[in-house]
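Dear colleague,

I am handing over the structure we spoke about, and I have added some notes on what turned up when I went through it. Please read them with the structure open beside you.

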Amino acid sequence: MQPFLFLNFKTYKEATGKNAVKLARIAQAVSRKTGVKIVLVVQAVDLRLISKGVSLPVFAQHADHEKPGASTGRILPFALKDAGCRGVVLNHAENKRGNGFVEKAIAESKAVGLQVLVCAESEARAVELARFAPDFIAVEPPELIGGNVSVSTAKPGLIVSSVKKIGEISGKIKIITGAGVKSGEDARLAVKLGTVGIFVASGVVLAKNRAKALSVLAVGLKEGLH
Ligand code: G3P
């Protein structure tokens, strides 16, 4: 299986509006060159723009669980699908929700045909969320997010053990490594430890040369396959 590279635009100015379009085009070029599946995780206000602008899959950074009707200010899975989204991220460490919410949001997202990546701050939480059958789980220790030490280097045991525990619940869930991933070696290790890819933000969005930063990670992922 080709590895996945989820690129979270977060709410960085460098990845908002016109800057988001530029970054999406860079990612598309890197994906074509390396053959790595790059998934763009984009702010709600930029989703339609990015979905139309590039052919890479686009995920939303959050969804609520309401169906169309009388609610205000919610982000509906139905509307995300209509805007061209392929999937949604739920329970990111910077936008956390309880299990009851996540269960309902996963169900509604899947009902409208969106793929779901849920984030978990620990192995125990990952195991709880695995029972709601998301497509992907990213295990991201919050203290490593945005830093320069990757989870694959600092906590390899956490990755290996999460892969095993989640696999015991369902063989269908793909596990992703996230938090502090910056180098090709971080990416290579993520695959070697048994996950199918990485979830990255600051290492690419804030890089001086974003094409280079992204290519290095993509190449690292491919090296991990061998
Ligand atoms: O969503 C990915 C994320 O939380 C990791 O962020 O900046 O450590 O790559 P970063």
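The largest pocket is lined by Asn8, Lys10, Thr11, Ala44, Ala60, Gln61, His62, Ile75, His92, Glu94 and Asn95, and please keep in mind throughout that this is a predicted model. Sorted by class, that lining is made up of 3 nonpolar, 6 polar and 2 charged residues, and the space inside the largest pocket comes to about 180 Å³.

Apart from pockets, there is 1 cavity of 30 Å³ or more in the structure, and the largest cavity holds about 150 Å³ of space. Its lining is formed by 16 residues, and those that lie nearest the centre of the cavity are Lys10, Ile145, Phe199, Val200 and Ala201. Two elements, strand 8 (197-200) and helix 9 (202-205), are the ones that give two or more residues to this lining. By class, the lining of the largest cavity has 7 nonpolar, 6 polar and 3 charged residues.

Where, then, does the ligand sit? The ligand is found in the largest cavity, and the residues around it are Asn8, Lys10, His92, Glu140, Ile145, Gly146, Ala179, Gly180, Phe199, Val200, Ala201 and Ser202. Taken by class, this shell contains 5 nonpolar, 5 polar and 2 charged residues. If you compare the lists, you will see that Asn8, Lys10 and His92 are among the residues around the ligand, and that Asn8, Lys10 and His92 also belong to the lining of the largest pocket.

Three side chains deserve a separate look, each for its distance to an oxygen atom of the ligand. In Ser202, an N or O atom of the side chain is 2.5 Å from a ligand oxygen; in Asn8, a polar side-chain atom lies 2.9 Å from an oxygen atom of the ligand; and in Glu140, the corresponding distance from a polar side-chain atom to a ligand oxygen is 3.0 Å. As for how much of the ligand is covered, the protein covers 100% of the 300 Å² of accessible area that the ligand has on its own.

With kind regards

Definitions and conventions
Residues numbered from 1 in each chain as written. Predicted model: local features only at pLDDT ≥ 70, side-chain atom pairs only at ≥ 80, totals over all residues. Heavy atoms only, no water. Near = heavy atom within 4 Å. Polar contact = N/O pair within 3.5 Å; in protein donor to acceptor, adjacent residues only side chain to side chain. Areas by Shrake-Rupley, 256 points an atom, 1.4 Å probe, with all protein chains shown as cover. 1 Å grid on protein atoms, 1.4 Å probe; cavity = no way out; pocket = protein on both sides within 12 Å on 5 of 7 lines; lining within 4 Å. Sits in = over half its atoms within 2 Å of the grid points. Nonpolar A, V, L, I, M, F, W, Y, C, P; charged D, E, K, R; others polar. Points joined across faces, edges and corners; volume = space filled by probe spheres on them. Helix = DSSP H or I, 4+ residues; strand = E, 2+ residues; numbered from the N terminus.
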